[in-house]
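Visitor: Could you walk me through this model? I would like to look at one helix and then at the cysteines.

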Amino acid sequence: MNTLLWLRTDLRAHDNPALAAAAEAGTVTALFLAAPGQWRQHGDAPAKVDFWLRNLRELSRELGRLGIPLRLLTVHDWSEAPDALAAFCRDHAIGQVHANAEWAVNERRRDAAVAASLRALDVDWTLHHGASLLRPGTVLTGKGECYRVYTPYARACRERLRTAPLRALPAPRAQTP
């Protein structure tokens with residue numbers, strides 16, 4: 001099956017849950033969706049965008065060594081993302097899309113719209129949790145509520161990480177052309 005890895009700000013080949021899952025599922029194509037209008041709306045500094053683009057170039061080389069092509073699409077802002085991704089999936093016979101979750105409000109709204117657009121095409125959509133050590137909302141008090149004070153929260157986080165240490169995921173094996 002053709003799978004798509006949608007890269008956002010998580011531009012790495014190692015310890016990337018979305019990339020690992022996409023590689024297990026089939027032949028992977030990576031996609032970066034540039035949205036200059038959204039970046040301006042968010043006030044992203046030119047230095048930050050330059051940092052992303054330099055990392056993207058390096059990741060492109062690393063993915064190339066793995067036989068994974070990296071494609072770039074440009075949209076004005078996130079409102080165009082659902083249609084752009086749906087068209088890309090249709091044009092490239094993509095059956096699954098994998099991405100690492102982003103937690104900001106605009107990004108969650110974008111992802112919900114993308115999920116609906118892909119569902120209409122029968123394309124599987126899977127979000128992975130690769131940007132945080134512990135999934136947001138999973139560290140709760142004994143009463144099952146969110147912590148309101150930092151120190152007990154920090155203690156609970158450290159204890160969870162001590163008792164169930166995380167392991168980094170390796171980069172996937174090279175895929176055949």
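The questions below go through a helix, its surroundings and the cysteines.

Guide: Welcome! This is a predicted model, where local features need pLDDT of at least 70 and side-chain atom pairs count only at pLDDT 80 or more, while totals for chains, interfaces and linings use all residues. Residues are numbered from 1 along each chain as its sequence is written, and side-chain values use heavy atoms, leaving out hydrogens and water.

Visitor: What span does helix H5 reach from its first C-alpha to its last?
Guide: Helices (H or I, at least four residues) and strands (E, at least two) are DSSP runs, numbered from the N terminus. H5 covers residues 105-120, which is 16 residues. The expected span, 1.5 Å times one less than the number of residues, is 22 Å, and the model comes close to that with 23 Å.

Visitor: Around the axis of H5, how wide an arc do its buried residues cover?
Guide: Buried means under 20% relative accessible area, exposed over 50%, partly exposed in between (1.4 Å probe, protein chains only). In H5 the buried ones are Glu 107, Arg 110, Asp 111, Val 114, Ala 115, Ser 117 and Leu 118. They sit on the same side of H5, because the arc, taken from the directions from the helix axis to the C-beta atoms, is only 165 degrees.

Visitor: Which exposed residues does the face of H5 turned away from its buried side carry?
Guide: The buried side has cover that includes strand S1 (2-7), helix H2 (36-42), helix H4 (81-91), strand S4 (94-100) and strand S5 (124-128). The face turned away from it carries the exposed Arg 109, Arg 119 and Ala 120.

Visitor: With which residues is Asp 111 in contact, leaving aside neighbours within four places in sequence?
Guide: Asp 111 belongs to helix H5 and counts as buried, because its relative accessibility is 5%. Contact means heavy atoms within 4.5 Å. By that cut-off its partners are Trp 6, Arg 8, Glu 102, Trp 125 and Leu 127.

Visitor: Is the crossover from S4 through H5 to S5 right-handed or left-handed?
Guide: S4 and S5 run parallel and are joined by five bridges; strands pair if DSSP finds at least two bridges between them. A crossover is right-handed if, with the strands pointing away from the viewer, the path from the first strand over the helix to the second runs clockwise. This β-α-β crossover is right-handed.

Visitor: How many disulfides does the structure hold?
Guide: A disulfide is a pair of cysteine sulfur atoms within 2.5 Å. The sulfur of Cys 157 is too far for a bond, because the closest cysteine sulfur, in Cys 146, is 11 Å away. The number of disulfides in the structure is zero.
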